[in-house]
Amino acid sequence: MNKNSFLNLNRIEFIVTYRCSGKCRHCSVAPKLNRGGQSHLSADKAVQAVETLSRIFPISSVMTFGGEPLLYPDVVCAVHRKAAERGIPTRQLITNGYFSKDSKTVRRTAESLAEAGLTQLLLSVDAFHQETIPLDAVHHFARCAIAAGIPSKLHPAWVVSQSHRNPYNEKTREILSAFGDLNLPVSSGNNIVLEGNAREYLEAYYERQPLDLSVKCGTMPYSAPLTDVSSLSIAPNGDVLVCGFVIGNLYTGDIAEIVSRYDPRASEGMRAVLEGGVAALLSYAKCRGIALDPSSYWSVCEICHTLAEQLAGG
Ligand code: SF4
């Protein structure tokens, strides 16, 4: 198989759906949730992507999340079953744990996830999720996951950081203690960035820093240079994304071809970022009639994602 020199993939992320059972005040993808369009990624397409990409690249990690991915448990299980079959060692799911009111369905879903070979369940529990998601239901799912033998962790989101003092973090600590009887480890570092709903509701807790619009991809947290990409995301509509840029679609193209023809220099938007950072992308977008005021944004990545989406017509 032809291996692309700009892609050194070791991770695939599947955004299984933008449907959700929650309505969280910190949700970074809130503007995309529960709208029309394709409800979820097809299991067949997702499985094909895992199969093909793991034959081309040394994929070591597959993650499923959403929205609430367990609204479509068959897709989640199919992805992790295939990842296990292909020997991919890290197979993770992020869930809010609330996808059915029927306790038997919840138990059976946990058993199916265990059979599919999930290696880590990250359960989102905190002040934000539990504003709309009943704690008892999530506690029941956590018990089922433990009984099924799935290695599980509580995965709270923190305003600014875990040590920052604010009412949300206090409430999150209370909620975590309600899971204390389960003796689950708690993840760290899931600090909320001001995107989506968080930008609207949590701004008061953050200090605005001046943005360096010429900064290079790879120097900001959770980013990598567009010429040395280690992770691909796949959206519910089949879009294949390098960071915020769509490089193909699973429903209209072949994933092997999509990755073999990837060249960030061939896309005007990506080329602008490569040559002059987000400052150059802003100028390019302006030429295309898309104006955006960078002073109202909190990170260069958020500016880049917004522009990439608008340039793609989203
Ligand atoms: S944060 Fe997660 S659970 Fe909450 S609304 Fe967003 S996608 Fe749903």
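This passage describes the fold, the nonpolar cores, the ligand shell and several individual residues of a predicted model.

The protein chain contains 10 helices and 8 strands, and its C-alpha atoms fill a box of roughly 55 × 50 × 35 Å when this is taken along the principal axes. For 314 residues a compact globule would be expected to have a radius of gyration near 20 Å, and the value for the protein chain, 20 Å, agrees with that expectation. Of the 314 residues, 50% are buried, while the surface that the chain exposes amounts to about 14500 Å², with carbon and sulfur atoms supplying 49% of this area. When contacts between residues at least 6 apart in sequence are considered, 76% of them join residues at least 24 apart.

In soluble globular proteins, nonpolar side chains tend to be buried together. In the present model the largest nonpolar core has 81 residues, and Phe 14, Leu 113, Phe 141 and Tyr 262 are those with the most contacts inside it. Helix α9, which spans residues 268–287, contributes the largest share of this core, namely 8 residues. Apart from this core lies another, made up of 22 residues that include Met 63, Leu 122, Ala 157 and Tyr 206. The surroundings of Leu 113 illustrate how residues from separate parts of the sequence come together: once residues up to four places away in sequence are set aside, Leu 113 touches Leu 70, Val 76, Cys 77, Leu 93, Leu 118, Phe 141 and Ile 150. Phe 141 thus appears both as a contact of Leu 113 and among the residues with the most contacts inside the largest core.

Helix α9 also carries a residue in a contrasting setting, since Lys 286 lies in this helix and is exposed, with a relative accessible area of 62%. Although the helix supplies 8 residues to the largest core, Lys 286 counts as exposed because its relative accessible area of 62% is over 50%. The C-alpha atoms of Lys 286 and Leu 7 are separated by 29 Å, the two residues being 279 residues apart along the chain.

The ligand is surrounded by Cys 20, Gly 22, Lys 23, Cys 24, His 26, Cys 27, Leu 33, Gly 67, Asn 96 and His 129. Sorted by class, this shell has 4 nonpolar, 5 polar and 1 charged residues. One of the shell residues, His 129, is found in helix α4 and counts as buried, its relative accessibility being 10%. Leaving out residues up to four places away in sequence, His 129 touches Cys 24, His 26, Asn 96 and Ser 124, and of these contacts Cys 24, His 26 and Asn 96 are themselves part of the ligand's surroundings.

Phe 128 is found in the loop between β4 (120–123) and α4 (129–132), and it is buried, with a relative accessible area of 0%. Apart from neighbours within four places in sequence, Phe 128 is in contact with Cys 24, Arg 25, His 26, Ala 157, Val 159, Tyr 168, Ile 192 and Leu 202. Among these contacts, Cys 24 and His 26 also surround the ligand, whereas Ala 157 belongs to the core of 22 residues. The C-alpha atoms of Phe 128 and Ala 43, which are 85 residues apart in sequence, lie 30 Å apart in space.

A second loop residue provides a contrast in accessibility. Gln 209 lies in the loop between α7 (197–201) and β6 (229–234), where its 52% relative accessibility makes it count as exposed. Gln 209 and Asn 190 are 19 residues apart along the chain, and their C-alpha atoms are separated by 20 Å.

Several features of the backbone geometry remain to be described. Most residues other than glycine have a negative phi, and most peptide bonds are trans. Against this background, a cis peptide bond joins Gly 66 and Gly 67, with omega at about 25 degrees. Gly 67 lies in the loop between β2 (61–65) and α2 (73–85), and it is also one of the residues that surround the ligand. Asn 34, which is not a glycine, has a positive phi of about 50 degrees; it is placed in the loop between β1 (7–15) and α1 (43–56) and is partly exposed, with a relative accessible area of 42%. Val 160, likewise not a glycine, has a positive phi of about 70 degrees. Val 160 lies in the loop between β5 (152–154) and α6 (167–177), and its relative accessible area of 28% makes it partly exposed.

Conventions: Residues are numbered from 1 along each chain as its sequence is written. This is a predicted model: local features need pLDDT of at least 70, side-chain atom pairs count only at pLDDT 80 or more; totals for chains, interfaces and linings use all residues. Side-chain values use heavy atoms; hydrogens and water are left out. A nonpolar core is a set of buried Ala, Val, Leu, Ile, Met, Phe, Trp, Tyr and Cys residues joined through side-chain atoms within 4.5 Å. Buried means under 20% relative accessible area, exposed over 50%, partly exposed in between (1.4 Å probe, protein chains only). Helices (H or I, at least four residues) and strands (E, at least two) are DSSP runs, numbered from the N terminus. Contact means heavy atoms within 4.5 Å. A residue is near a molecule or strand if one of its heavy atoms lies within 4 Å of it. Ala, Val, Leu, Ile, Met, Phe, Trp, Tyr, Cys and Pro count as nonpolar, Asp, Glu, Lys and Arg as charged, and the others, Gly among them, as polar. The radius of gyration is taken over C-alpha atoms; the globule rule is 2.2 Å times the number of residues to the power 0.38. Accessible areas come from the Shrake-Rupley method with a 1.4 Å probe; for residues, only the protein chains shown count as cover.
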